Amino acid sequence: MAYNLFYKNMYVIVFSFIVLLGFLANNANAYGRIPLTVQEYRTWPIYCLATEKNDDREAQDRYLTRHQKVVAAQTGIWHYCLALIYVQRSERGEDILDERAINDLFYSYDKIPKSEPWARDMEVTIARAFRIKGDYEKAEHYLKIARTKSPDMAIVYSVLSSLHFDRLDYHQAVKVLEAGNEATEGTSAEINYFLGLAYLSIGNIDKAKKQEDIASSLGYPLKGLAKKIDEYERENISVNK
């Protein structure tokens with residue numbers, strides 16, 4: 001019996017070691033593809049920060065529950081985390097969102113149980129990727145999934161409204177953002193900011209100014225809306241003179 005127990009324990013140890021090697025190898029391949037900036041580290045989700053260095057068990061224990069660590073390992077979350085950086089940089093104008101990055105997104109998304117909250121993040125990021133690629137139908141599809149599962153998730157409405165901004169459909173952008181403002185009980189600085197932009201785009205200056213004030217009071221850092229409002233008012237003053 002002791003003999004069998006010894007080999008059973010050895011099997012568990014060897015199997016765990018093989019899994020760990022695969023975990024580290026996949027992580028090294030994914031994270032080795034692109035150096036991250038300080039700002040990118042700061043804006044990374046907690047689960048990305050916690051799994052960026054697999055030998056840092058203290059960080060993982062500090063940021064992730066036991067269940068979350070299992071989910072991270074099973075889904076290869078580092079593939080998603082790297083692809084997120086590609087999406088963010090592409091939104092800033094870099095032409096780097098290649099097929100491999102898209103595959104990384106789906107590598108993790110296909111493996112994650114769709115009841116997990118992280119799946120919502122993935123759906124939004126996938127939608128952002130398809131927006132960059134110009135595939136609005138697929139972008140809306142994944143946003144619909146995320147919105148159904150998490151109707152109070154602010155970024156869902158922000159990204160969905162961006163699809164309408166791209167197509168110059170400002171009235172529809174207003175509808176989406178008003179729905180988002182209601183779903184989040186007016187607490188999202190980003191939604192209020194973009195709603196102000198949408199109102200300004202349809203010429204409703206009073207509502208635009210109100211939303212700009214709310215967004216600022218909620219701590220939204222960008223001042224582009226305020227500048228656009230000033231420009232709008234100056235142009236209309238000049239026309240009316």
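Okay, so let's start with the whole chain: of its 241 residues, 42% are buried. Keep in mind that this is a predicted model.

What does the secondary structure come to? We get 14 helices and zero strands. If you walk along from the N terminus, the elements simply read α-α-α-α-α-α-α-α-α-α-α-α-α-α. And on contacts: take the ones between residues at least 6 apart in sequence, and 59% of them join residues at least 24 apart.

Now let me zoom in on one helix pair. Please find helix α8, residues 117–133, and helix α10, residues 154–166. Their axes are 10 Å apart, and the two helices pack at an angle of about 10°. Roughly parallel counts as anything under 35 degrees, so α8 is roughly parallel to α10. As for handedness, the crossing of α8 past α10 is left-handed.

Which residues make that contact? On the α8 side you have V124, R128 and R131. On the α10 side there are I155, V156, V159, S162, L163 and D166. Sort the residues of this contact by character and you find five nonpolar, one polar and three charged. R128 and R131 sit on the α8 side and D166 on the α10 side, and Arg and Asp both count as charged.

Staying on α8, have a look at R120, which is also in that helix. Is R120 buried or exposed? Its relative accessibility is 5%, and the cut-off for buried is under 20%, so this arginine counts as buried. What does its side chain find there? One of its polar atoms lies 2.9 Å from the backbone oxygen of K114. Leaving out residues up to four places away in sequence, R120 touches K114, S115, A146, K149, S150 and M153.

Last stop, N192. You'll find this asparagine in helix α12, which covers residues 189–201. At a relative accessible area of 1%, N192 is buried too. Which side chain does N192 pair with? That would be N181: a polar contact of 3.4 Å joins the two side chains. Again skipping residues up to four places away in sequence, the residues N192 touches are N181, G186, Q211, I214, A215 and L218.

So, to pull up the two polar side chains once more: R120 is buried at 5%, with K114's backbone oxygen 2.9 Å from a polar atom of its side chain. N192 is buried at 1%, and the side chain of N181 is its partner at 3.4 Å. That's what I have for today, thanks.

Methods:
Residues numbered from 1 in each chain as written. Predicted model: local features only at pLDDT ≥ 70, side-chain atom pairs only at ≥ 80, totals over all residues. Heavy atoms only, no water. Helix = DSSP H or I, 4+ residues; strand = E, 2+ residues; numbered from the N terminus. Buried < 20%, exposed > 50% of the residue type's maximum accessible area, 1.4 Å probe, protein only. Polar contact = N/O pair within 3.5 Å; in protein donor to acceptor, adjacent residues only side chain to side chain. Contact = heavy atoms within 4.5 Å. Axes fitted to C-alpha atoms, helices over the stretch in contact; angles between N-to-C directions. Parallel < 35°, antiparallel > 145°, perpendicular 65-115°, else oblique. Left-handed = near helix turned anticlockwise from the far one by under 90°.
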